[in-house]
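Hi everyone, thanks for coming. Let me walk you through a structure that may be new to you; please have a look at it first.

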Amino acid sequence: MPGIIIGVMLLRRVGAGLGVGAAAGAGAAAGIGWFYSSLLLDTSVRPVYPERVLAVADGLVTLAASRLTAQPGTWGLRWASDGRGGLAVLGPVTREDRREVVRPVLGGDPPEPGSAAVLDAGPFDPDPGARGLPFEDVDVPGPLGRYPAWFVPADGDTWVVLVHGRGGARREALRVLPALHALGHPQLVISYRNDVGAPPSPDGHYHLGDTEWEDVEAAVRYAVDRGARRIVLFGWSMGGAVTGAFLDRSAEAARVAAVVWDAPLVDWRATLRQQARNRRLPAALSPLASAVTSRRIGIDFDRFDLVRHPPAVRPPTLVVHSAGDTAVPVTASRALAAAAPALGWPLRYLEVPLVEHTASWNADPAAYERAVTSFLGEVLRTSG
């Protein structure tokens, strides 16, 4: 799952171990606030496999029942066993009860019975070739060095720049590449600072969009230098915060003709409050963690509340969010959609039920792709 969810899982375990609650003193609270801040800023990758494969037979996988394993739609199943692992593509649930969930294997490596596993919103690996698309590995020159990217060529002059979320990777975009390619858009799937193969930030921390937007700016300039006349930004989770900061601060923002945001982080404070509430942590922890984080990396969280502080450039935007998202609050997207007309922001909102963070595509790939392609077709045709 995306890093933002993994971080909260770790926080819940550590918080419980520390015995937070009425007995926690000011010193303990400050320490927990620092710990929470450290989770937000930590760029290391720690795979978590919370699920269990019970059986594999006749093209079906039986998983231990949980809220995550019972989610509807098409998913990846990443599994690890005896020092090795793999990725299987799983289809919709065929049978479930209180103890087991059964799903068909649609492709990839069938897991081994007894393996630890995680249901992954990204069912494809390792690059656009997995989706049958030609592509090039390119390096985008940026403010800290050279950033690896995938370029998927097409004949059009409206490029899509795709930006993954915190703790994610470029493969997050593999789900939507074929649909965008069918529209004739060249696509640039980028990395940003602290990604594998990309330059680290000078202090080794995530800056939660506050500096990463400069890497998006470098990618947009790369696209323009190679013939892009217009830009579409496509961002997942913290990719929303990163591209939102780009729209507010970059001299290149006027080139953006449309934006698609999937489960976007449009209010950092709301996200921290939801995660603390979900994990039954003290209400005071969220503002304390925000304050500690602000001091550590210099971020102004007010600038990342897009209802109160919308970006300077507000192109037509499609926001897709799932009601079952426990990582980034759907309420923040709802609030932005409600406020958009008064902000002069042409924004379309699509809410998907049940599924977790950034999993709207997984719930119904065909419906998701229709929503995205119809939005882009309409907006780009109107804007010329």
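Let's begin with a single contact: a polar atom in the side chain of Gln274 sits 3.2 Å from the backbone oxygen of Asp325. Keep in mind that this is a predicted model.

So where does Gln274 sit? You'll find it in helix α6, which covers residues 268-278. And is Gln274 buried or exposed? Its relative accessible area is 9%, and because buried means under 20%, Gln274 counts as buried. Which residues does Gln274 touch, once we set aside its neighbours within four places in sequence? They are Asp325, Thr326, Ala327, Val328 and Pro329. Asp325 is the one we met a moment ago, through its backbone oxygen.

Now, please turn to the sheet. It is an open one with 8 strands and mixed pairing, and the order reads β8-β9-β11-β10-β12-β13-β14-β15. At the edges are β8 (136-142) and β15 (347-352), each pairing on one side only. From one strand to the next, the twist averages 20°.

Let me pick out one pair of strands. Strand β10, residues 158-163, runs parallel to strand β12, residues 230-236, and 6 bridges join them. Within this pair, Val160 stands opposite Val232 in β12.

Finally, the helices on the sheet. Helix α4 (residues 213-225) packs there, touching β8, β9, β10, β11 and β12, and its direction makes about 120° with that of β8. Helix α10 (residues 365-383) also packs on the sheet, where it touches β10, β12, β13, β14 and β15. The direction of α10 makes about 165° with that of β13.

Thanks for listening!

Methods. Residues numbered from 1 in each chain as written. Predicted model: local features only at pLDDT ≥ 70, side-chain atom pairs only at ≥ 80, totals over all residues. Heavy atoms only, no water. Helix = DSSP H or I, 4+ residues; strand = E, 2+ residues; numbered from the N terminus. Buried < 20%, exposed > 50% of the residue type's maximum accessible area, 1.4 Å probe, protein only. Polar contact = N/O pair within 3.5 Å; in protein donor to acceptor, adjacent residues only side chain to side chain. Contact = heavy atoms within 4.5 Å. Pairing = 2+ DSSP bridges. Axes fitted to C-alpha atoms, helices over the stretch in contact; angles between N-to-C directions.
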